[in-house]
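Me: Could you take me through the sheet in this one, and what sits against it? Here is the model.

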Amino acid sequence: MTLALWRHARIASFAPGRPWGWIEAGALLAQGDALRWVGPEAELPAGLRPEVEHDLGGALVTPGLIDAHTHLVYGGDRATEFELRLQGASYEDIARAGGGIRATVAATRAASDDELFASAAARARALMREGVTTIEIKSGYGLSQVHEARCLAVAQRLGRELPLTVRTTSLAAHALAPEYEGRADDYIADACRWLADQQAQALVDAVDAFCDTIGFTPAQTERIFQAAQRLGLPVKLHAEQLSDQGGAALAARYRALSCDHLEYLSADGVAALRAAGTVAMLLPGAYYFLRETKLPPVAALREAGVPMAIATDHNPGSSPCLSLLLMLNMACTLFRLTPEEAWRGVTTHAARALGLHDRGMLAAGQRADFVVWDAEHPREIAYRFGHNPCRRVVRGGVQRMQS
């Protein structure tokens, strides 16, 4: 395997021990798809003979970005609903009138696999142009055994055909399928059954649900979690976005990888997340787009030491955002995270939210996923929105220039 040296870099490694994991005059050694050494260039191990050298000219290097909550595979859009909300309709009003998630379900079911792939690939490439190297993609717009499996298969195809790591999450418990109107418990029973088939086809890495007033009850959600637990699949949860249903505490009992949204998270919920080691996934794009006013309890999460991740939540209805860099800025301006907290939210903590331990920081043994930026410090990238300073991306040790 080729030993490659990347030198003359300012490195935000996010390794523990010092703010930003900062290395002022640093270098990285990559062998194959893994990092062999990261540190000050003056301390490069003696005797190594790199076959390839790259002089970065003092550029900033960070880990590859991780978008750990997206709904990237779907048909159609919901621009009409955007206009309705501006005219006074609420998210709940639209959902109960047959719009919302159900409208996207109809468009998704009508689209071919190739159409779903083409639209999702275009979205993925937009994220990749900003330095995203790993992404989670949820299902949840099929709401039937066949169509949920189709969406998961399309997501996996993205990971095969693009230079991108894709983690797939089954979210059949996203909304009630129209065929099950008035029979939510029957739908949950079938969704539990579909999980076993998805696992048998190796389509799923984790299981999610939407526990809220327009989603499913805590009891129904727990049935999904029990089915996942029987299959050995980790769980995640859309929780406390529109109300406090106690979903975060429920998810914590099942050692969830993450709980996501959390605007209405209670003190008990914060304590439960801390005890379980569950990541709090904050989604400023949805908060902004829905014009929410209830902030997630960032100060309480910080005080409790709960790791906070940040993601785009890309979806057609409540966060049609394709910029993780914009989410860095929004996490700071809307939620008052520090720039370092926001950056850790799209690197180290995002990796943890996906159950991945081989990425999210730059250190020996980690994947050689990193980004070279036209910037001196990561705080500049969080500060300046509407700007993409990504110069090149290295994924698995392979360099990809940005256009």
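Reply: Sure. The sheet is open and has eight strands, ordered β5-β6-β7-β8-β9-β10-β11-β12, with parallel pairing. Strands here are DSSP runs of E with at least two residues, helices are runs of H or I with at least four, and both are numbered from the N terminus; two strands pair if DSSP finds at least two bridges between them. β5 (65-67) and β12 (308-310) are at the edges with a single partner strand each, so one side of each has no neighbour in the sheet. On average, neighbouring strands are turned by 25 degrees against each other, direction ignored.

A word on the source: this is a predicted model, where local features need pLDDT of at least 70, side-chain atom pairs count only at pLDDT 80 or more, and totals for chains, interfaces and linings use all residues. Residues are numbered from 1 along each chain as its sequence is written, and side-chain values use heavy atoms, leaving out hydrogens and water.

Now zoom in on β6 (residues 132-138) and β7 (residues 165-173): they run parallel, joined by five bridges. Thr134 stands opposite Thr165 in β7. Helix α5 (residues 145-161) packs on the sheet, touching β6 and β7, and its direction makes about 170 degrees with that of β7. Helix α6 (residues 184-200) also packs on the sheet, touching β7 and β8 (206-211), at about 150 degrees to the direction of β7. Contact means heavy atoms within 4.5 Å; axes are lines fitted to C-alpha atoms, for helices over the stretch in contact, with angles from 0 to 180 degrees between N-to-C directions.
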